[in-house]
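This briefing is meant to be read alongside the sequence and the coordinates. It begins with a threshold that later points rely on, and then moves from the overall fold to individual residues.

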Amino acid sequence: TTVKPATIRKLASRCRPMSRRPGESLFIEGDPCRDLYILAAGRVKCYRANAEGREQILRIFERPGDIFCTTSAFSTRSHIVTAEAMSETTLHVIDVETMTAVALEQPAVALALVTAAGDQMRSLVGLAEDLSLKTATARVAKLRGERARAEGGRDGKEVRLRRDGLRE
């Protein structure tokens with residue numbers, strides 16, 4: 001089922017624009033969650049941090065249309081992560097009450113929210129697997145491979161990764 005154009009227009013009319021520069025927070029873990037965020041452009045990292053400043057990135061959103069905060073919005077009602085822009089970022093922000101009302105009227109919207117939550121769960125399961133079921137050597141190899149691909153190593157060109165780009 002696809003979302004009807006009229007529904008998309010209704011949702012768009014209720015969205016507020018938000019822009020963030022690299023390093024700026026969208027929200028902080030523990031804050032009340034009253035909105036859902038839809039990525040229009042840029043990159044956003046969602047992470048948890050401890051008192052010493054150590055971070056664990058749980059998910060990076062970088063595809064236009066990515067929806068995030070579904071768990072916080074519909075379950076805990078407070079943000080379970082901190083979100084920060086990694087680049088110039090533009091978002092559409094919509095309040096939870098509006099999204100809930102539309103989802104109750106339009107099953108396609110409810111399905112889109114469930115799909116977004118499922119994608120985020122799959123990402124967290126992969127992270128849990130990496131952290132608990134793989135050796136440190138395997139995790140470092142995976143990280144280096146991901147960084148090499150991100151820096152242009154897909155087409156067989158040699159890539160040199162900077163050592164200072166890897167913590168610990």
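A residue counts as buried when its relative accessible area is under 20%, and as exposed when that area is over 50%. The model discussed here is a predicted one, and among its 168 residues, 29% count as buried. The protein has 5 helices and 8 strands, which follow one another along the sequence in the pattern α-β-β-β-β-β-β-α-β-β-α-α-α.

**Overall picture**

- Of the contacts in the protein with a separation of 6 or more, 72% are accounted for by residues 24 or more positions apart.
- The protein exposes about 10900 Å², and carbon and sulfur atoms supply 53% of this area.

**The sheet with order 2-7-4-5**

- One open sheet is formed by 4 strands in the order 2-7-4-5, with antiparallel pairing, and its edge strands, each of which pairs on one side only, are strand 2 (25-27) and strand 5 (55-61).
- Neighbouring strands of this sheet are turned against each other by 30° on average, when direction is ignored.
- Strand 4 and strand 5 are joined in the antiparallel sense over 6 bridges, and R48 has Q56 in strand 5 as its bridge partner.

**T82 and K45, two buried residues in this sheet**

- T82 belongs to strand 7 (residues 82-85), and because its relative accessible area is 8%, T82 counts as buried.
- The side chain of T82 reaches the backbone nitrogen of E29 at 3.0 Å, and E29 is also among the contacts of T82 that remain when neighbours within four places in sequence are left aside, together with S25, F27, I28, K45, C46 and Y47.
- K45 is found in strand 4 (residues 44-49) and, with a relative accessible area of 12%, is likewise buried.
- The side chain of K45 makes a polar contact of 3.1 Å with the side chain of E55.
- Not counting residues up to four places away in sequence, K45 touches E55, I57, R59 and I60, and in addition T82, A83, E84 and M86.

**The sheet with order 1-8-3-6**

- Another open sheet of 4 strands has the order 1-8-3-6, also with antiparallel pairing, and here strand 1 (16-20) and strand 6 (67-68) are the edge strands, each pairing on one side only.
- Strand 3 (residues 35-41) and strand 6 run antiparallel and are joined by 2 bridges, with I67 in strand 6 serving as the bridge partner of I38.
- Helix 3 (residues 96-105) packs on this sheet, where it touches strand 3 and strand 8 (89-95), and the direction of helix 3 makes about 70° with that of strand 8.

**Cysteines**

- How many disulfides does the model contain? The count comes to 0 disulfides, under a rule that asks for a pair of cysteine sulfur atoms within 2.5 Å.
- The closest cysteine sulfur to that of C33 belongs to C69 and lies 4.9 Å away, which is too far for a bond, so C33 is not joined to C69 by a disulfide in this model.
- C33 itself counts as buried, because its relative accessibility is 5%.

Methods:
Residues are numbered from 1 along each chain as its sequence is written. This is a predicted model: local features need pLDDT of at least 70, side-chain atom pairs count only at pLDDT 80 or more; totals for chains, interfaces and linings use all residues. Side-chain values use heavy atoms; hydrogens and water are left out. Two strands pair if DSSP finds at least two bridges between them. Contact means heavy atoms within 4.5 Å. Axes are lines fitted to C-alpha atoms, for helices over the stretch in contact, and angles run from 0 to 180 degrees between N-to-C directions. Buried means under 20% relative accessible area, exposed over 50%, partly exposed in between (1.4 Å probe, protein chains only). Accessible areas come from the Shrake-Rupley method with a 1.4 Å probe; for residues, only the protein chains shown count as cover. A polar contact is a pair of N or O atoms within 3.5 Å; within protein, one must be able to donate a hydrogen and the other to accept it, and residues adjacent in sequence count only if both atoms are side-chain atoms.
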